[in-house]
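Me: I should like to go through this model step by step, with the reasoning set out for each point. Please begin with the pockets.

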Amino acid sequence: MAKIVAGVISGSAAMYAEAAHSLADTTNQSFLLYSIGLSERPPDDAHPFGSGRERFLWTFVAAVGTFLAGAVFAIGWGVYELLDPPGAETEFVIPFAVLGLSLLTEGFSWLRALRQTRAEARGERLGHLDYVRLSRDPNVKMVLFEDSAALIGIALAAFGIGLQAITGTEFWDPAASVAIGVLLIVVAFWMARDARYMLVGAAARPDERRALEAALNDFPEVQEVRELLTLTLGPNALLVGARIDLADGLDANRVECVSDEIDARLREVVPDVAEVFIDATPPV
């Protein structure tokens, strides 16, 4: 709201673009909050593996919202003012004051997201960048990415408004609006690509697959792991299907016991494992 007021008072295209950026971010957080509730619904006959993928679906919806509510408006308004300049701006104090306030609030949110993702990365024994790139949880890393983009957008708006105030040239402010729109396109593309990867049935991370295969091979009763399949059911839920060749001579009771032990071991080495299916396949 502060950015809209500053845009109305100053006529700054960059401030309008930043208002659209903030609107898109706020809408996205609402989508993500809504998706958390949906994803925690218990399994039922219609959804036997739960509704964890709701988080990915609403992340994709948020990406579309970012593109439509933010990027299209920011670029369109900036191009319009480049082609038809509205006249020289005279008010610069209010826009800079609002951008300063935005820098403080967005910076605080960014630091919190940074601390949380670093803590989670340490828990997963991954580097920070690797964790952000590979994590199945869209919420925290999206907040980190959106807040990073918000800080860049504030810098672009301040740069454009500042150059226009210094030079008196009406090009810089709408150019900053276009630049903010391009930034939002990058954000929307990244969000959509990440959500799409999970929605179409992503496997477990490479380190998780290696840990699962190693755990299977540790059992003396397992002669060979013929096939190991993993599927993402939600941010913290994996399905594991293993086709294994068991040693000859095992009776039915031992096969059942080994299957239970394998189930428990796989859940131990990768805590996100939620479902395990073992197929004891005889050698060909």
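Me: How much space lies in the largest pocket, and which residues are closest to its centre?
Reply: The model is a predicted one. The largest pocket holds about 360 Å³ of space. Its lining comprises 17 residues, and those closest to the centre are R133, L134, K141, D194 and Y197.

Me: Which element gives the largest share of the lining of the largest pocket?
Reply: Three elements give two or more residues to this lining: α5 (128-134), α7 (172-199) and α8. The largest share amounts to five residues, and the element that provides it is α7.

Me: How many residues of the lining of the largest pocket are charged?
Reply: The lining can be divided by residue class, with nine nonpolar residues and one polar residue. The charged residues of the lining number seven.

Me: Which residues lie nearest the centre of the second largest pocket?
Reply: About 290 Å³ of space lies in the second largest pocket. Helices α1 (2-10), α2 (13-39) and α4 (93-124) each supply at least two residues of its lining, which divides into eight nonpolar, four polar and two charged residues. Of the 14 lining residues, those nearest the centre are M1, A2, K3, A19 and S22.

Me: What pattern does the chain follow along the sequence?
Reply: The chain contains nine helices and three strands. Read along the sequence, these elements give the pattern α-α-α-α-α-α-α-α-β-β-α-β.

Me: Which element gives the most residues to the largest nonpolar core?
Reply: This core has 18 residues, and L212, L216, V222, I244, I262, L266 and V273 have the most contacts inside it. At least two residues come from each of α8 (206-217), β1 (222-234), β2 (237-246), α9 (252-269) and β3 (273-280). With five residues, the element that gives the most is β2.

Me: With which residues is L212 in contact, leaving aside its neighbours within four places in sequence?
Reply: L212 is one of the residues with the most contacts inside the largest nonpolar core. Beyond its sequence neighbours, the contacts of L212 are L228, T230, V240, L266, V269, V270 and V273.

Me: How many residues does the second, separate core have?
Reply: The second core is separate from the one just described, and A6, A157, A176 and L184 are among its members. Its residue count is 15.

Me: Is T117 buried or exposed?
Reply: T117 belongs to helix α4. Leaving out residues up to four places away in sequence, T117 touches H128, Y131, V132, V140 and L144. Because its relative accessibility is 0% and the cut-off for burial is under 20%, T117 counts as buried.

Me: What class of exposure does V72 have?
Reply: V72 lies in helix α3 (residues 54-83). Its relative accessible area is 44%, and values between 20% and 50% define the intermediate class. V72 is therefore partly exposed.

Me: How far apart in space are V72 and E124, C-alpha to C-alpha?
Reply: Along the sequence, V72 and E124 are 52 residues apart. Their C-alpha atoms are separated in space by 38 Å.

Me: What radius of gyration does the chain have?
Reply: The C-alpha trace spans about 90 × 35 × 30 Å along its principal axes. For a compact globule of 284 residues, a radius of gyration near 19 Å would be expected. The chain instead has a radius of gyration of 25 Å.

Conventions
Residues numbered from 1 in each chain as written. Predicted model: local features only at pLDDT ≥ 70, side-chain atom pairs only at ≥ 80, totals over all residues. Heavy atoms only, no water. Core = buried A, V, L, I, M, F, W, Y, C linked by side-chain atoms within 4.5 Å. Buried < 20%, exposed > 50% of the residue type's maximum accessible area, 1.4 Å probe, protein only. Helix = DSSP H or I, 4+ residues; strand = E, 2+ residues; numbered from the N terminus. Contact = heavy atoms within 4.5 Å. 1 Å grid on protein atoms, 1.4 Å probe; cavity = no way out; pocket = protein on both sides within 12 Å on 5 of 7 lines; lining within 4 Å. Points joined across faces, edges and corners; volume = space filled by probe spheres on them. Nonpolar A, V, L, I, M, F, W, Y, C, P; charged D, E, K, R; others polar. Rg over C-alpha atoms; globule rule 2.2 N^0.38 Å.
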